[in-house]
Amino acid sequence: MLSDTEMHVAQALRQAKRVTVLSGAGISAESGLPTFRDPLTGYWSKFRPEDLATPIAFRRNPELVWRWYCERRAAARAAKPNPGHLAITKLQSIVPAVTIVTQNVDGLHQSASSTNVIELHGSIHATRCFDRDHVMELNPEEDSPDRHPACPLCGSLARPGVVWFGEMLPEEALARSISAANECDVMLVVGTSGIVQPAASLGSRALSHGAVVAVVNPDPRSVMTGGVFLEGPAGSMLPRLIDAAWPDSK
Ligand code: BJW
């Protein structure tokens, strides 16, 4: 039985010409990848962000940062998309203009065969050098916490191709995300605490442009002012919504 709010969002989806999905770490939780801010299992329950996810942290202790990302790369490579990712792929097969703006670096939307994915915080599967941003190839078979490669062009150490605190987001990705927020009829904000800027402000941007904004999250603390809240994990809530919007597609 669907709640009135779920019915309202399903109806808005059915009528929508353009949908934007803003995803965060929570959508990959059911694929076994930890979120950042879960008090028990999140990365930041064990590490401080400033010790690992900033350029200063890398300068201070590159080996520690490299080891952490090496473990996370291995986990991301082993992870499989879950029903939440797959529901978004299905949505893309029904609505022609669906843009996925993800803060995630794990590549699971792409593994679920989604297209039009904007990686706002980069990709953990990309590597470049710290000093000069030269692109570096990292062979998964040689990717080991004990081997921190240096750039063949300039000798500087490898770093993951992600966006750390205090770094600018990729300009084009941010511009496309802002357009996707401005232009959508419905925005689904899935699995994000909405703390990290500028991604966090995309929901209110969509709202102020007249979109229906629905937050999908098991934690009611993530309610966004003005958006509607659908309480539950993405892996069950998203398939329910799509099935409710398009019962014939079940
Ligand atoms: C489920 C679920 C299930 C669980 N189903 N849900 C303006 C004001 C204030 C500060 C700033 C500002 N502008 C910039 C800043 C500074 C900073 C910032 O925002 N700081 C905040 C902490 C306040 N931002 C930046 O530095 C950004 N750069 C920038 O803006 O440049 C210009 C500038 C620089 C300096 C000053 C001013 C301007 C860059 C941000 C980069 C973020 N990087 C990280 C690491 C990426 C690499 C990596 O993966 O290691 O990105 S931090 C981390 O947080 C990661 C995530 O993408 C990001 C967001 O986290 P997310 O995805 O929301 O995860 P969680 O864990 O927070 O939430 C998970 C949610 O899922 C929870 O709600 C759960 O309940 C839910 N969940 N299971 C659905 N099954």
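**Cavity and ligand contacts**

Student: Which domains each give at least three residues to the lining of the largest cavity?
Tutor: This is a predicted model, so local features need pLDDT of at least 70 and side-chain atom pairs pLDDT 80 or more, while totals for chains, interfaces and linings use all residues. Residues are numbered from 1 along each chain as its sequence is written, and side-chain values use heavy atoms, without hydrogens or water. A cavity is a set of points on a 1 Å grid over the protein atoms alone where a 1.4 Å probe fits but can't get out, and lining residues have an atom within 4 Å of a point. At least three lining residues come from each of domain 1 (4-33 + 80-121 + 169-249) and domain 2 (42-78 + 127-162).

Student: How much space lies in the largest cavity?
Tutor: Searching the whole structure turns up one cavity of 30 Å³ or more. The space in the largest cavity comes to about 160 Å³.

Student: Which of the 14 lining residues are closest to the centre of the largest cavity?
Tutor: By class, the lining has nine nonpolar, three polar and two charged residues. Closest to the centre are Leu33, Pro34, Arg72, Val105 and Asp106.

Student: How far is the side chain of Arg72 from an oxygen atom of the ligand?
Tutor: Polar contacts here are pairs of N or O atoms within 3.5 Å. For Arg72, a side-chain N or O atom is the partner of a ligand oxygen, at 2.7 Å.

Student: Which residue has a polar backbone atom 2.9 Å from a nitrogen atom of the ligand?
Tutor: Gly166 uses a backbone N or O atom too, but its partner is a ligand oxygen, 2.7 Å away. The ligand nitrogen, at 2.9 Å, pairs with the backbone of Ala234.

Technical notes: On a 1 Å grid over the protein atoms alone, a cavity is a set of points where a 1.4 Å probe fits but cannot get out, and a pocket is an open set with protein on both sides within 12 Å along at least five of seven lines; lining residues have an atom within 4 Å of a point. Grid points are joined across faces, edges and corners, and a volume is the space filled by probe spheres set on the points. Ala, Val, Leu, Ile, Met, Phe, Trp, Tyr, Cys and Pro count as nonpolar, Asp, Glu, Lys and Arg as charged, and the others, Gly among them, as polar. Domain bounds come from an automatic or database domain assignment. A polar contact is a pair of N or O atoms within 3.5 Å; within protein, one must be able to donate a hydrogen and the other to accept it, and residues adjacent in sequence count only if both atoms are side-chain atoms.
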